[in-house]
Amino acid sequence: MTIETLSENRSFGGTQGVYRHRSQSTGTDMTFAVYLPPDADGGTVPVLWYLSGLTCTHENAMTKAGAQQWAAESGIALIFPDTSPRGEGVADDPAYDLGQGAGFYVNATQDPWRPHFRMWDYIVDELPGVVFDAFPLDPEAQGITGHSMGGHGALTIAMTHPDRYRSVSAFSPIANPTESDWGRKQFSAYLGDDAAAWRPHDSSLLMLDRGYPGEVLIDQGASDQFLDLLKPETLAGAMTRRRQPGWFRMQPGYDHSYFFVQSFIGDHVLWHAERLG
């Protein structure tokens, strides 16, 4: 697999790089970012995946979250994938919450999305194979987090593959998409009208069905402008009913923006670092 280096910059003693490769899952060129802490100069390091939200690319969290300083101090790498396939011939929609920039971390089964929108396979299988071959990363020490649509992806992926991800957290996740306008629109488009196909991609339902074997950390802004669509109370209720170990923190005054993510990213990086060793 050929990886093209687009940029590499020194950051807190480590290296923030941006790369591109040809994806077999999506049939497109995909861009992703990797932050390697100073400890990577001496051997393999743990990995924290960060999945971004609607309209984002690899660049949003890389430049706005402020995670590199905490990753450098903790000795863990950060990976920032894109949120969807892009480019000529890739289906899109005029709305911001469907199509390019809104892959929802699922494998589409419906046209016109089916040929390229296979983000579940890309995040879970293909991109890990690419980065573990190319960078000094420890595949036995992986954690995953994300914001909004990315929080949805992080939770559903971790609960589906608990043997692969030793830690999971989320910022303002889309927590119950099968019962929200966001989720119903995307799931119908990508997966069809059979609600049974939606269930594996709803973190509240997965929490009730299987939970997660470790602790879970969720941060949600109490002044988030999208609370009615995110439905955090459903996930919090599912955690309570399951007696899931972890923390669900409603943060007073915080909204859905990256100012919220910046404010608590240090907590999340250090939390993952403790669990990844």
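Helices (H or I, at least four residues) and strands (E, at least two) are DSSP runs, numbered from the N terminus. The model shown here is predicted, so local features need pLDDT of at least 70 and side-chain atom pairs count only at pLDDT 80 or more, while totals for chains, interfaces and linings use all residues. Residues are numbered from 1 along each chain as its sequence is written, and side-chain values use heavy atoms, with hydrogens and water left out.

**View 1. The whole protein chain, with its nine helices and nine strands.** Let's start with the full picture. Along the principal axes, the C-alpha atoms fill a box of roughly 50 × 45 × 35 Å. The radius of gyration is 17 Å, which agrees with the value near 19 Å for a compact globule of 277 residues; this radius is taken over C-alpha atoms, and the globule rule is 2.2 Å times the number of residues to the power 0.38. Of the 277 residues, 58% are buried (buried means under 20% relative accessible area, exposed over 50%, and partly exposed in between, with a 1.4 Å probe and protein chains only). Among contacts with a separation of 6 or more, 72% link residues 24 or more positions apart; a contact means heavy atoms within 4.5 Å.

**View 2. Charged side chains of the protein chain, 19 positive and 34 negative.** Lys and Arg count as positive and Asp and Glu as negative, while His and the chain ends are not counted. Each charge is placed at NZ of Lys, CZ of Arg, CG of Asp or CD of Glu. The centres of the two sets lie 5 Å apart.

**View 3. Q68 in helix α2, which covers residues 68-74.** Is Q68 buried or exposed? Q68 is buried, since its relative accessible area is 8%. Look for the side chain of Q16, which makes a polar contact of 2.9 Å with that of Q68. Such a contact is a pair of N or O atoms within 3.5 Å; within protein, one must be able to donate a hydrogen and the other to accept it, and residues adjacent in sequence count only if both atoms are side-chain atoms. The Q68 side chain also reaches the backbone oxygen of M62, at 2.8 Å. Beyond its neighbours within four places in sequence, Q68 is in contact with residues including S11, F12, Y35, L78 and F80.

**View 4. Y105 and P112 in the loop between β5 and α3.** Here β5 spans 77-80 and α3 spans 119-134. Y105 has a phi near 55 degrees, a positive value in a residue other than glycine. Y105 is also buried, with a relative accessible area of 0%. Further along, the peptide bond from D111 to P112 is cis, with omega near 5 degrees.

**View 5. S172 in the loop between β7 (167-171) and α5 (181-191).** What is the phi of S172? Phi of S172 is near 45 degrees, a positive value in a residue other than glycine. With a relative accessible area of 0%, S172 is buried.

**View 6. D193 in the loop between α5 and α6 (203-209).** D193 counts as exposed, at 69% relative accessibility. Not counting residues up to four places away in sequence, D193 touches S188 and W198. Try finding Q110 too: D193 and Q110 are 83 residues apart in sequence, and their C-alpha atoms are 9.9 Å apart in space.
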